[in-house]
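Reader: Hi! I have a structure open on my screen and would love to walk through it with you. Could you help me find my way around?

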Amino acid sequence: MGQGKRIAVYDFDYKAVRGDVVQVYGSDKNVGAQVANRIISKLVGKGNFEVIDRNQIDNLMKEQNLKFSDRFDPRDAPKLGKLLNVDAIITGSVDAIADEVQNHRVGVGSVGFGKVQSVAEVTVSVRVISTQTAQIFMADQVNNKQTHNLGQGAKVGNNRSEERRVGKECRSR
């Protein structure tokens, strides 16, 4: 266990991009929890923090007969800080999510050469809130863009449904 600060990580709000999530993944997927899980992994990997995750928060809240809302209110930080025995709470929101399949093939008709890529981009706002003062003492916006090659080489024929299927598989990884 690290000797540093105790931190609770709360799921990120993704309501602003819920429609985009459905379009990208084909159904509603809790990308806010995915962001929180990545942050937890990074913090735990550094070894300087003792991290309390959403499951632990939920269990402690149930023990106290309290409910945690889907959206975190910074004014609740001191009360939760005492309950969870943490120094800070990390939360935020998923501000943008986008995905596209780019076809860089050239050719004539159904014969071509080149590559197909899937490009995914996400923008997240992060806030670290003091449980002593309820003040946000760190805030940042992070943008991450990743490109995955879906294939390259020659293509004969016109099978767009196959390209869409491969693109969907890449996004679900």
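**Starting in the core**

Author: Happy to! Let's begin with valine 9, which counts as buried because its relative accessibility is 0%. Keep in mind that this is a predicted model.

Reader: Which element is valine 9 found in?

Author: Valine 9 is part of strand 1. Its C-alpha atom is separated by 9.6 Å from that of glycine 92, and the two residues are 83 apart along the chain.

Reader: And which residues touch the most other members in the largest nonpolar core?

Author: They are Val9, Phe12, Ile39, Ile90 and Val94, in a core of 20 residues. At least two residues of this core come from each of strand 1, helix 2, strand 3 (88–103) and strand 5 (111–130).

Reader: Nice. Which element gives the most to this core?

Author: That is helix 2, with six residues.

Reader: Tell me about helix 2, then. Which of its residues are buried?

Author: The buried ones are Val31, Gly32, Ala33, Val35, Ala36, Ile39, Ile40 and Leu43. There is a general pattern to keep in mind here: an α-helix has 3.6 residues a turn, so residues three or four places apart point the same way.

Reader: How does the span of helix 2 compare with what its 16 residues should give?

Author: It agrees: at 1.5 Å a residue helix 2 should span 22 Å, and its end C-alpha atoms are 23 Å apart.

Reader: What caps the N-terminal end of helix 2?

Author: Asparagine 30 does, with a side-chain oxygen 3.2 Å from the backbone nitrogen of glycine 32. Past the other end, glycine 47 comes just after helix 2 and has a positive phi of about 75 degrees.

Reader: Let's switch to charges. How many salt bridges does the structure hold?

Author: There are two salt bridges. In one of them, the side chains of glutamate 50 and arginine 6 meet at 2.4 Å, N to O. That pair links distant parts of the chain, 44 residues apart: glutamate 50 is in strand 2 (residues 50–52) and arginine 6 in strand 1 (residues 6–9).

Reader: Which side chains meet in the 3.1 Å salt bridge?

Author: Arginine 18 and aspartate 28 do, with 3.1 Å from N to O. Arginine 18 lies in helix 1 (residues 18–25) and aspartate 28 in the loop between helix 1 and helix 2 (31–46), so the pair ties together parts that are ten residues apart in sequence.

Reader: How do arginine 18 and aspartate 28 count for exposure?

Author: Arginine 18 is partly exposed, at 33% relative accessibility. Aspartate 28 is also partly exposed, at 42%.

Reader: Which ring does the charged end of arginine 18 sit over?

Author: The ring of tyrosine 14, with the charged end 4.6 Å from the ring's centre.

Reader: While we're on rings, how many aromatic pairs are there?

Author: The count is zero.

Reader: OK, back to strand 3. Is serine 93 buried or exposed?

Author: Serine 93, which has its place in strand 3, is buried, with a relative accessible area of 16%. Its side chain joins that of aspartate 95 in a polar contact of 2.8 Å.

Reader: Last one: what does the whole secondary structure come to?

Author: Five helices and six strands. From the N terminus on, the elements run β-α-α-β-α-α-β-β-β-β-α. Of the protein's 173 residues, 34% count as buried.

Note on methods: Residues are numbered from 1 along each chain as its sequence is written. This is a predicted model: local features need pLDDT of at least 70, side-chain atom pairs count only at pLDDT 80 or more; totals for chains, interfaces and linings use all residues. Side-chain values use heavy atoms; hydrogens and water are left out. Rings of Phe, Tyr and Trp (its six-membered ring) pair if their centres lie within 6.5 Å; planes under 30 degrees apart count as stacked, over 60 as edge-to-face and the rest as tilted. A charge sits over a ring if NZ of Lys or CZ of Arg is within 6 Å of the ring centre and within 35 degrees of the ring normal. A salt bridge is a side-chain nitrogen of Lys or Arg within 4 Å of a carboxyl oxygen of Asp or Glu. Helices (H or I, at least four residues) and strands (E, at least two) are DSSP runs, numbered from the N terminus. Buried means under 20% relative accessible area, exposed over 50%, partly exposed in between (1.4 Å probe, protein chains only). The expected span of a helix is 1.5 Å times one less than its number of residues. A polar contact is a pair of N or O atoms within 3.5 Å; within protein, one must be able to donate a hydrogen and the other to accept it, and residues adjacent in sequence count only if both atoms are side-chain atoms. A nonpolar core is a set of buried Ala, Val, Leu, Ile, Met, Phe, Trp, Tyr and Cys residues joined through side-chain atoms within 4.5 Å.
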